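Here is a walk through one protein chain, from its overall make-up to its rings and charges. Keep the sequence and the model open side by side.

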Amino acid sequence: MRVLIGNGLLVACMLIFWNCVGPEDPIDGLLEDLPAVVNTVDAFTFNLKGNNYSFEEEYTLSMKPDSNSVLTTSLIVTNWSGNDTSRIFMLNSGDTTYSWFQITGNLTYSSIDSLTADAKYYPTKLLFEGIDFSGIMQFLLFKK
């Protein structure tokens with residue numbers, strides 16, 4: 001009798017654990033309200049899938065551009081909704097604005113910039129800020 005109860009309990013536990021599943025993996029690889037950031041010597045990426053997400057994130061770039069570098073910047077915002085105005089600031093070594101973006105809807109932006117010999121004009125930090133951002137933001141900066 002004891003063996004039958006033990007084996008039955010073992011089988012019941014196996015069936016319960018076998019049928020348990022975790023949360024579904026996101027199709028686009030992004031978790032809601034959690035930025036995915038890559039910061040290497042050649043590239044920086046910031047990807048965000050927000051749902052009324054408020055954030056202020058600052059990153060010091062690992063890349064060290066020089067006068068021989070060409071910087072490519074890309075910003076894509078899709079599925080934007082709401083009344084949010086988000087901003088991205090690219091700051092140089094003196095913490096002055098090198099370039100900035102204001103996001104008030106869906107957009108696609110890209111640029112390729114050759115850098116000058118003056119190192120104070122290279123971006124060294126990025127600041128991302130938004131209040132109640134809803135949508136998908138993909139920002140990419142890389143050097144060649």
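A residue counts as buried under 20% relative accessible area, as exposed over 50%, and as partly exposed in between (1.4 Å probe, protein chains only). By that scale, 32% of the chain's 144 residues are buried. The model is predicted: local features need pLDDT of at least 70, side-chain atom pairs count only at pLDDT 80 or more, and totals for chains, interfaces and linings use all residues. Residues are numbered from 1 along each chain as its sequence is written, and side-chain values use heavy atoms, leaving out hydrogens and water.

Start with the layout. The chain has one helix and seven strands. These are DSSP runs, numbered from the N terminus: helices are H or I with at least four residues, strands E with at least two. The order from the N terminus is α-β-β-β-β-β-β-β. Contact means heavy atoms within 4.5 Å. Among contacts with a separation of 6 or more, 70% join residues 24 or more positions apart. The exposed area is about 9100 Å², with 57% from carbon and sulfur atoms; the areas come from the Shrake-Rupley method with a 1.4 Å probe, and for residues only the protein chains shown count as cover.

Next, a hairpin. Two strands pair if DSSP finds at least two bridges between them. Strand E1 (residues 36–39) and E2 run antiparallel, with four bridges. Three residues separate them in the hairpin. Ala36 faces Asn47 of E2.

Now the interior. A nonpolar core is a set of buried Ala, Val, Leu, Ile, Met, Phe, Trp, Tyr and Cys residues joined through side-chain atoms within 4.5 Å. The largest one holds 23 residues, and Phe44, Phe128, Met137 and Phe139 touch the most other members. E2, E3, strand E4 (86–92), E5 and E7 each give at least two residues to this core. Beyond its neighbours within four places in sequence, Phe44 contacts residues including Val37, Tyr59, Met63, Phe128 and Phe139.

Which rings pair up in the chain? Rings of Phe, Tyr and Trp (its six-membered ring) pair if their centres lie within 6.5 Å; planes under 30 degrees apart are stacked, over 60 edge-to-face, and the rest tilted. The rule yields 12 aromatic pairs. Phe46 and Phe128 are stacked, 3.9 Å centre to centre with 10° between the planes. This pair bridges strand E2 (residues 43–60) and strand E7 (residues 123–143), 82 residues apart. Phe46 is buried at 0% relative accessibility, and Phe128 is buried at 0% too. Phe101 and Phe139 sit edge-to-face, at 6.0 Å and 65°. Phe101 is in strand E5 (residues 97–103) and Phe139 in E7, so this pair ties together parts 38 residues apart in sequence. Both are buried. Ring pairs join Phe44, Phe46, Tyr53, Phe55, Tyr59, Phe101, Tyr109, Phe128, Phe133 and Phe139 into a cluster.

Finally, the charges. A salt bridge is a side-chain nitrogen of Lys or Arg within 4 Å of a carboxyl oxygen of Asp or Glu. There are three. Glu58 meets Lys125 at 3.9 Å, N to O. Glu58 is in E2 and Lys125 in E7, so the bridge ties parts 67 residues apart in sequence. Arg87 and Glu129 also meet at 3.9 Å. Arg87 is partly exposed at 28%, and Glu129 is partly exposed at 21%. Asp95 bridges to Lys125 at 3.2 Å. Glu58, Asp95 and Lys125 thus appear as a linked salt-bridge network.
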